[in-house]
Amino acid sequence: MSDNKPIVLLAEQLSPATVAALGPDFEIRQTDGADRSQLLEAIADVDAILVRSATQVDAEAIAAAKNLKVIARAGVGLDNVDIKAATQAGVMVVNAPTSNIISAAELTVGHIVSLARRIPAANASLKNGEWKRSSFTGVELFEKKAGIIGLGRIGALVAARLQGFGMEIVAYDPYVTPARAAQLGVTLLTLDELLAEADFITIHMPKTPETLGMLGKDAFTKMKKSAYVVNVARGGLVDQDALYEALKDEEIAGAGIDVFVKEPSTDLPFFEFENVTVTPHLGASTDEAQEKAGVSVAKSVRLALAGELVPDAVNVAGGVIDENVRPGIPLIEKLGRIFNALTSGSLTSIDVEVAGEIASLDVKALELSALKGVFMDVVSDQVSYVNAPVLAEQRGVATRLITTPDSPEYRNQLTIKGSTNEGTQLAVAGTLTGPKQIEKLVGINGHEIEIPISDHMIVVRYADRPGVVGSLGNVLGEQGVNIAGMQVSRDEKKAEALAVINIDSALPQGVLDVVGAAIGASVAREINLAD
């Protein structure tokens, strides 16, 4: 029995720290994910599954998991997860993209030092009973030039570590600005310049059609004959056949390779060379990296099952959320719920507008949060950041994210606009004000207001005339409802007014009808954000 706790399935061996990071709020089950029949049986009723690399979470497994909300891979690669099938099923996929970056950077440096000082060959020789000091003369790293292809997180860590050896660092990365490179103490070059100048070349690029075979025959011919090549990133970035030819023809001095086109690989032609160091994909194989990966995805599972935004989700707008954007996430989710409470008819379109200073940043998370808020009180299933867009698509609701730097009234303003099949339109706007970043409702359908968003609110629209505010106070008082605040916005052209009232608690049943009737309201809605 689960006692209504969400069920988390550990399909592979994970550390005690991973289980501890999940906490006591889940029922934890275990299975052997590599055993297909066990997996399909065990996954049937779980809310989340945690895997490493041995478990294949494909379309069949996803279809068998009727309650599945999140797939967590305790590592970086996702070759064993069908991301497309997961997205179609509204299942979030998360991984641990930064768990192994230090381990990978340190392994890179290890290969470079091993190549420079010929440590593996000397070790094998001595253990074979030979004392051949003169056969293993190496080179110093001091004042040599290291060329880093790909100056991302791992590349930057490698640069910092190699600077400790007194090396000059150059890099090629078309997406890094000279200012960022200068911060890292790195000189940016073209790829051809780097290949021609560097003594040690290490590649840290994603595997794409453009980067596949990036270091191939042409690249090797441009390198110094004294150059060493290292790849601990992705198999295939270095053309293995071309590498063999370059080593055989002594076009380069040696290579350190941790990743291969096909794995496992134990007898590739270039393994025969003494000036090659190879390791069996050890980039993430440290106790610390494994621990970080497990703990990281456990935290992501907690967030996902709570319906929160998960920065490491790969099939929604994950990644690092700018600190200036983050406060708007709960605000616009509440605006979405307010928008839904005021909507009549079926939605046909939703526009999420972000205006002001943050419009220049990545604000995709705000669109997801808005959709989550809109659908949260519409469907019976839990709404998350991954299935909210799916819910919109299933309902034929067109969605757009619109950004503009222009925000005349506020530093930043978030607005949700929509149209219904009845031809009606609705717009709800909000902002954050003051040092405490108070969430405020600042507009409803063109009515300008400024009132803090609270758990319980009433929105009424009525013909503008004297005495209505007093009547509202009287009728709510008679019903035992305490008013915490009120804002009234008048539209003189339409002789119409709109009032937003903060109240201390939810209205007793039937009171909203009494309120609406007392003032002849054309619209009377209660908004309950407490749940």
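Ala, Val, Leu, Ile, Met, Phe, Trp, Tyr, Cys and Pro count here as nonpolar, Asp, Glu, Lys and Arg as charged, and the others, Gly among them, as polar. That sorting helps in reading the empty spaces of this predicted model.

Start with the enclosed spaces. The structure holds two cavities of 30 Å³ or more. The second largest cavity has about 40 Å³ of space. Its lining is made by Asn231, Gly235, Gly236, Val238, Gln240, Leu243, Ile257, Val259 and Phe270. By class, five of these lining residues are nonpolar, four are polar and none is charged.

Asn231 leads on to a sheet. Strand β10 covers residues 228-231, and pairs with strand β9, residues 200-203. The pairing is parallel and runs over four bridges. Within it, Asn231 of β10 is the bridge partner of Ile203. So Asn231 takes part in the sheet pairing and also lines the second largest cavity.

Now take in the whole sheet. Strands of a sheet pair through backbone hydrogen bonds, either parallel or antiparallel. This one is an open sheet of seven strands with parallel pairing. The order is β8-β7-β6-β9-β10-β11-β12. At the edges stand β8 (187-188) and β12 (276-278). Each has a single partner strand, so one side of each is left without a neighbour in the sheet.

Next comes open space. The largest pocket has about 1200 Å³ of space. It is lined by 42 residues, and the closest to its centre are Val76, Gly77, Ala233, Arg234 and His281. Three elements give two or more residues to this lining: α5 (101-117), α7 (153-163) and α12 (287-305). The lining has 18 nonpolar, 16 polar and eight charged residues. Charged residues thus occur in the lining of the largest pocket, whereas the second largest cavity has none in its lining.

Charge also matters for the contacts between side chains. Side chains of opposite charge can pair when their charged atoms come close. The structure holds 23 salt bridges. One of them joins Arg411 and Glu357, with the closest N and O atoms 2.8 Å apart. Arg411 lies in the loop between β14 (398-404) and β15 (412-420), and Glu357 in the loop between β13 (347-356) and α14 (364-376), so the pair ties together parts that are 54 residues apart in sequence. Arg411 is exposed, at 63% relative accessible area. Glu357 is partly exposed, at 49%.

Another salt bridge links two strands. Lys440 pairs with Glu450, and their closest N and O atoms are 3.1 Å apart. Lys440 is in strand β17 (residues 438-444) and Glu450 in strand β18 (residues 447-452), so this pair connects parts that are 10 residues apart in sequence. Lys440 has 17% relative accessibility and counts as buried, because the cut-off for buried is under 20%. Glu450 is partly exposed, at 33%.

Strands are joined once more by Glu496 and Arg461. In this salt bridge the closest N and O atoms are 3.4 Å apart. Glu496 belongs to strand β21 (residues 496-503) and Arg461 to strand β19 (residues 456-463), so the pair ties together parts that are 35 residues apart in sequence. Glu496 is buried, with a relative accessible area of 18%. Arg461 is partly exposed, at 25%. Salt bridges can also share partners: Glu27, Arg29 and Asp45 are joined in this way into one network.

Conventions. Residues are numbered from 1 along each chain as its sequence is written. This is a predicted model: local features need pLDDT of at least 70, side-chain atom pairs count only at pLDDT 80 or more; totals for chains, interfaces and linings use all residues. Side-chain values use heavy atoms; hydrogens and water are left out. On a 1 Å grid over the protein atoms alone, a cavity is a set of points where a 1.4 Å probe fits but cannot get out, and a pocket is an open set with protein on both sides within 12 Å along at least five of seven lines; lining residues have an atom within 4 Å of a point. Grid points are joined across faces, edges and corners, and a volume is the space filled by probe spheres set on the points. Two strands pair if DSSP finds at least two bridges between them. A salt bridge is a side-chain nitrogen of Lys or Arg within 4 Å of a carboxyl oxygen of Asp or Glu. Buried means under 20% relative accessible area, exposed over 50%, partly exposed in between (1.4 Å probe, protein chains only).
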